[in-house]
Amino acid sequence: AQFEKLRTVNGELHMLGKHLDGYRRAFTDFVDFDMSPDGLKGVKQKSTCQSNGPAFTKVDTSDDSALLVSHFLPRNGDGSHAMMVVSCDDPHDRATKTHWVTFRADDYEVASVDGAGKAEMARGADGSYSFPIRSNAAMLVIARCRK
């Protein structure tokens, strides 16, 4: 049973990793970890209410569940950006839920990828984006300058 779980996770990491190869991590925010069951014990970084980077802003969940949000810059200088969002609300995998992540990426075209391949996002009338994410899952969002 454990082998199948590891095989699934390994496949998801390979799927996300091939899209992240062209980027380097700039920084990571701990969003809404004050509400997390384990908080930030032993971590020397404070929780924030939302994540803001050079391309992606106002990154948060509608239910204030804990997220890790890493912002990435391109290695080749093409002006694109990437953001990895990881849902961290259930570290002990006891009660999986679905959360809605919202963000803005003004002046960019965005595409998302989850561990299974391409994932869908919704675009709001106000220009914001949103997507569902399950507990303990990850989503990679790529932003490219609009032409």
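In the predicted model, four strands are arranged as an open sheet with the order β3-β6-β10-β9, and their pairing is antiparallel. The edge positions are taken by β3 (57-61) and β9 (122-123); each has a single partner strand, so one side of each lacks a neighbour in the sheet. Strands β3 and β6 run antiparallel and are joined by three bridges. The residue in β6 that acts as bridge partner of T57 is R104.

Four aromatic pairs are counted in the structure. One of them, formed by F103 and Y129, is stacked, with 5.3 Å from centre to centre and 15° between the planes; the angle falls in the stacked class because it is under 30 degrees. F103 belongs to strand β6 (residues 98-104) and Y129 to strand β10 (residues 129-134), so this pair ties together parts that lie 26 residues apart in sequence. F103 and Y129 are both buried. Together with F56 and F131, these two residues make up one aromatic cluster.

The surroundings of F103 extend beyond the aromatic residues. With residues up to four places away in sequence not counted, F103 touches F56, T57, K58, V59, M83, V110, M121, S128, Y129, F131 and V141. F103 is also part of the largest nonpolar core, which has 20 residues; the members with the most contacts inside this core are F56, M83, F103, V110, F131 and V141. Two or more residues are contributed to the core by each of β4, β5 (81-87), β6, β7 (108-114), β10 and β11 (138-145). Another core, of nine residues, lies apart from it and includes L20, Y23, M84 and I142.

A polar side-chain contact is found at S70, a residue of strand β4 (residues 67-74). The relative accessible area of S70 is 12%, and S70 is classed as buried because this value is under 20%. The side chains of S70 and T28 make a polar contact at 2.6 Å. Leaving aside residues up to four places away in sequence, S70 touches R25, F27, T28, A82, M83 and M84. Of these contacts of S70, M83 is listed among the residues with the most contacts inside the largest nonpolar core, whereas M84 is a member of the nine-residue core.

Conventions. Residues numbered from 1 in each chain as written. Predicted model: local features only at pLDDT ≥ 70, side-chain atom pairs only at ≥ 80, totals over all residues. Heavy atoms only, no water. Phe/Tyr/Trp six-rings, centres within 6.5 Å; stacked < 30°, edge-to-face > 60°. Buried < 20%, exposed > 50% of the residue type's maximum accessible area, 1.4 Å probe, protein only. Pairing = 2+ DSSP bridges. Polar contact = N/O pair within 3.5 Å; in protein donor to acceptor, adjacent residues only side chain to side chain. Contact = heavy atoms within 4.5 Å. Core = buried A, V, L, I, M, F, W, Y, C linked by side-chain atoms within 4.5 Å.
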